[in-house]
Every structure is written in structure tokens, then in C-alpha cells.
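Student: I have a new model to read, and I keep meeting labels without reasons. Could we go through them one at a time?

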Amino acid sequence: MPRPAPRRAIAVNGKSLRGSRTTDAAARHVMAACDQASSVLLADTDVDGKTNEITRFAPLLDQIGDLRDTVITADGLHCQREHVTNLAERGADWILTVKGNQPSPSVWISSGVPCRWASGICVRASSRTVM
């Protein structure tokens with residue numbers, strides 16, 4: 001059986017920039033999306049003190065455009081119903097960490113969030129088995 005073509009994988013992560021804090025201002029916080037194969041930065045956005053990474057997730061990925069047949073990886077902060085709905089609508093798949101403060105997998109599955117579960121990770125793959 002022939003191997004399927006590799007998919008594009010994009011990692012989304014936020015970081016506070018070391019050394020950017022001053023006596024008058026908090027450290028600068030940015031969020032970035034990087035191609036996992038080439039390590040190329042595809043998009044980035046500032047996360048200022050009036051917002052957080054959750055509200056910047058979709059606008060960050062909007063900078064990339066087409067996400068069909070792309071796997072998005074992100075940490076537990078982005079295990080949000082709105083985020084997986086947005087990714088599903090855009091044809092992307094995802095791997096998200098699920099922390100203990102999230103509802104049980106059965107609650108998410110019964111609420112219509114399209115994903116499978118494996119060891120605390122929410123996985124959605126529309127055309128391949130990922131577990």
C-alpha cells in the first residue's frame with residue numbers, strides 16, 4: 001500500500017520575550033505559527049495586555065490562509081471549542097493537549113466537537129488514523 005503524502009504541520013505557540021520587560025511595562029508577549037518541517041515562521045502577532053492568546057488564535061492563522069490538509073499543534077490553552085470549530089470549518093486537523101481543567105472527553109464528544117482522544121490529547125484527522 002503506498003504511503004500517503006506528508007501533510008503540512010504548523011506549530012502555534014506564545015512566548016514572553018526575555019529582556020523586554022521594563023520598570024514601566026510588562027514583558028512583550030507574542031504568538032507565532034511555524035512550519036514544523038522547515039522551521040519557517042509563517043505568521044506572528046503581538047498579544048498585548050488588553051487581550052490574551054485565546055483571542056489571537058484565529059487572527060494568527062488567518063494570516064496563513066488555506067489550512068486544508070494541514071495539522072495544527074498547540075498547547076492546552078488552545079483546547080477551546082471555538083478553536084476546534086474554526087479549524088474544522090477551515091479543513092484543518094489538529095493535535096491539542098487537554099489539561100485536567102477541561103471537561104471529560106465524553107462531554108466534548110457528546111457536544112459535537114469533532115475529535116478523538118488518546119492519552120489526554122484531542123486529535124482530529126479527517127482522512128487518516130493518527131492514534
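Student: Why is proline 6 called exposed?

Tutor: This is a predicted model, and the values are computed from it. Proline 6 has a relative accessible area of 78%. Exposed means over 50%. Therefore proline 6 counts as exposed.

Student: Where is proline 6 in the chain?

Tutor: Proline 6 is in the segment before β1. Its C-alpha is 9.6 Å from that of threonine 70, and the two are 64 residues apart in sequence.

Student: What elements make up the chain?

Tutor: The chain has three helices and seven strands. Their order along the sequence is β-β-β-α-β-α-β-α-β-β. Of its 131 residues, 35% count as buried.

Student: What makes aspartate 93 buried or exposed?

Tutor: Its relative accessibility is 1%. Buried means under 20%. So aspartate 93 counts as buried.

Student: How do you know that aspartate 93 and arginine 7 form a salt bridge?

Tutor: Their closest N and O atoms are 2.3 Å apart. A salt bridge needs a side-chain nitrogen of Lys or Arg within 4 Å of a carboxyl oxygen of Asp or Glu. The pair meets that cut-off, so it is called a salt bridge. Aspartate 93 is in strand β5, arginine 7 is in the segment before β1, and 86 residues separate them.

Student: How many salt bridges does the structure hold?

Tutor: It holds four. Another one pairs aspartate 62 with arginine 90, at 3.1 Å between the closest N and O atoms. This pair also links distant parts of the chain: aspartate 62 is in helix α1, arginine 90 is in the loop between α2 and β5, and they are 28 residues apart.

Student: What else does arginine 90 touch?

Tutor: Leaving aside neighbours within four places in sequence, arginine 90 is in contact with Ala58, Leu61, Asp62, Gly65, Leu67 and Arg68. A polar atom of its side chain also lies 2.6 Å from the backbone oxygen of glycine 65. A polar contact needs N or O atoms within 3.5 Å, so that distance is inside the cut-off.

Student: Why are arginine 68 and aspartate 66 given different exposure labels?

Tutor: Arginine 68 has a relative accessibility of 57%. Exposed means over 50%, so arginine 68 counts as exposed. Aspartate 66 has a relative accessible area of 41%. That value falls between 20% and 50%, so aspartate 66 is partly exposed. Their side chains meet in a salt bridge, at 3.0 Å from N to O.

Student: Why are α1 and α2 called roughly parallel?

Tutor: They pack at an angle of about 10°. Angles under 35 degrees count as roughly parallel. Therefore α1 and α2 are roughly parallel to each other. Their axes are 10 Å apart.

Student: Which residues make the contact between α1 and α2?

Tutor: From α1 come Ile54, Phe57, Ala58 and Leu61. From α2 come His83, Asn86 and Leu87. They divide into five nonpolar, two polar and no charged.

Student: What makes threonine 45 buried or exposed?

Tutor: Its relative accessibility is 11%. The cut-off for buried is under 20%, so threonine 45 counts as buried. Threonine 45 is in strand β3.

Student: What is the polar contact of threonine 45?

Tutor: The side chains of threonine 45 and arginine 56 are joined by a polar contact of 2.9 Å. Not counting residues up to four places away in sequence, threonine 45 touches His29, Val30, Met31, Arg56, Leu60 and Gln63.

Student: How do you know that aspartate 35 is buried?

Tutor: Aspartate 35 has a relative accessible area of 14%. Buried means under 20%. So aspartate 35 is buried.

Student: Where does aspartate 35 lie, and what is it in contact with?

Tutor: Aspartate 35 lies in strand β2. Neighbours within four places in sequence aside, aspartate 35 is in contact with Arg8, Ala9, Val40 and Leu42. A polar atom of its side chain lies 2.9 Å from the backbone nitrogen of alanine 37. From C-alpha to C-alpha, aspartate 35 is 9.2 Å from valine 12, with their places 23 residues apart in sequence.

Methods: Residues are numbered from 1 along each chain as its sequence is written. This is a predicted model: local features need pLDDT of at least 70, side-chain atom pairs count only at pLDDT 80 or more; totals for chains, interfaces and linings use all residues. Side-chain values use heavy atoms; hydrogens and water are left out. A polar contact is a pair of N or O atoms within 3.5 Å; within protein, one must be able to donate a hydrogen and the other to accept it, and residues adjacent in sequence count only if both atoms are side-chain atoms. Contact means heavy atoms within 4.5 Å. Axes are lines fitted to C-alpha atoms, for helices over the stretch in contact, and angles run from 0 to 180 degrees between N-to-C directions. Helices (H or I, at least four residues) and strands (E, at least two) are DSSP runs, numbered from the N terminus. Angles under 35 degrees count as roughly parallel, over 145 as roughly antiparallel, 65 to 115 as roughly perpendicular and the rest as oblique. Ala, Val, Leu, Ile, Met, Phe, Trp, Tyr, Cys and Pro count as nonpolar, Asp, Glu, Lys and Arg as charged, and the others, Gly among them, as polar. Buried means under 20% relative accessible area, exposed over 50%, partly exposed in between (1.4 Å probe, protein chains only).
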